[in-house]
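Here is a short guided tour to read with the structure open beside you. We will go through the sheet, the helices, the ligand shell and the two domains in turn.

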Amino acid sequence: MVLEHFGQVAWDEILGDTGLDDGAFVSAQSYPDEVTFRLITTAAAKAGLTVDQTLHAFGRHWIKAADQGPYANVMRILGGSLLESLMNLDRMHASIQIAMPGAQLPQFTVVSQDSRSIELAYHSRRAGLEPFVCGLLEGLMERFHEQGSIEFSGSVGDARMFTVTFAAPVNA
Ligand code: HEM
């Protein structure tokens, strides 16, 4: 996202500011969350955004990037609608776990749904990623040309609850 919006120089500066270099990252490896959050915090400061705004933007970006890059097939198989994609998400993430044993993947459960809304429970060992989830859900809505809004409505026990509200009734 940094490369796309700000270019290589900005990315190199962010890596420099966080004491990292490009060689430190290998695709499909796991890294300490502390490194990821350091990158996000530094990128946010550079872009003049809050961390939450950056996470939100990155969620939207990830759906587009996954759709257009090497994960295009995974995204296609994931589902033909927002609801179907959400219902298949855990199975898709679980298949990644085999190739990335160090990954700590989230869990998503569709708690209820009708033509107007979807209520979704999100479980994760990580704190503070709710804006990222909102961005991902917005990206998915956009992917299926569905209009509406996403709301994080708070926690129920360990579950963090999100409501997707469609602007017009949607056939599942
Ligand atoms: C091609 C599609 C996708 C791939 C390959 C993928 C893969 C991954 C991987 C590798 C991680 C990092 C886990 C770790 O290293 O600990 C992750 C995290 C995550 N994924 Fe996906 N994912 C995809 C699509 C989605 C979609 C559509 C959502 C929609 C809600 C989603 C929600 C998340 C969230 C919220 C996390 C953060 C981890 C956490 O909450 O603890 N992913 N995913």
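How many bridges join β1 to β2? There are six of them, and the two strands run antiparallel. Please keep in mind throughout that this model is predicted.

## The first hairpin

Strands β1 and β2 are connected by a hairpin that passes through three residues. If you would like a place to start on the screen, find F108, which stands opposite Y122 in β2.

## The whole sheet

Step back from that hairpin and you can trace an open sheet of four strands, in the order β1-β2-β4-β3, with antiparallel pairing. Its edge strands are β1, covering 107–113, and β3, covering 148–156, each of which pairs on one side only. On average, neighbouring strands of the sheet are turned by 25° against each other, with direction ignored. As a general reminder when you look along a strand, side chains in a regular strand alternate between the two faces of the sheet.

## The second hairpin

Now move to β3 and its partner β4, residues 159–166, which pair in the antiparallel sense over eight bridges. Two pairs are handy landmarks here: G148 stands opposite F166 in β4, and I150 has V164 of β4 as its bridge partner. The hairpin of β3 and β4 has two residues between the strands, and in this hairpin G157 takes a positive phi near 65°.

## Helices across the sheet

Two helices lie across these strands. Helix α6, residues 82–99, lies across β1, β2 (117–123) and β4, and runs at about 140° to β1. Helix α7, residues 130–143, lies across β2, β3 and β4, and its direction is about 150° to that of β3.

Helix α7 also meets α4, which spans residues 51–68: their axes come within 7 Å and cross at roughly 35°. This crossing of α4 and α7 is right-handed. On the α4 side, the contact includes F58, W62 and I63, while residues from α7 include F132, V133 and L136. Sorted by class, the contact of α4 with α7 has eleven nonpolar, four polar and six charged residues.

## Around the ligand

Which residues are closest to the ligand? They are Y71, V74, A103, P106 and S124, out of 22 residues that surround the ligand. The elements giving two or more residues to this shell are α5 (72–78), α6 and α7. Of these, α7 supplies the largest share, with five residues.

What does the shell look like by class? It has 16 nonpolar residues, along with four polar and two charged ones. Helix α7 is therefore worth a second look as you rotate the view: besides giving five residues to the shell around the ligand, helix α7 lies across β2, β3 and β4.

## Two domains

Finally, zoom out to the full chain. The protein chain is divided into domain 1, residues 1–48, and domain 2, residues 52–172. Taken over C-alpha atoms, the centres of domain 1 and domain 2 are separated by 24 Å.

Where the domains touch, eight residues of domain 1 are in contact with ten residues of domain 2. The side of domain 1 that touches domain 2 has, by class, six nonpolar residues, one polar residue and one charged residue.

Terms used. Residues numbered from 1 in each chain as written. Predicted model: local features only at pLDDT ≥ 70, side-chain atom pairs only at ≥ 80, totals over all residues. Domains from an automatic or database assignment. Contact = placed C-beta atoms within 7 Å. Nonpolar A, V, L, I, M, F, W, Y, C, P; charged D, E, K, R; others polar. Pairing = 2+ DSSP bridges. Axes fitted to C-alpha atoms, helices over the stretch in contact; angles between N-to-C directions. Near = placed C-beta within 6 Å. Left-handed = near helix turned anticlockwise from the far one by under 90°.
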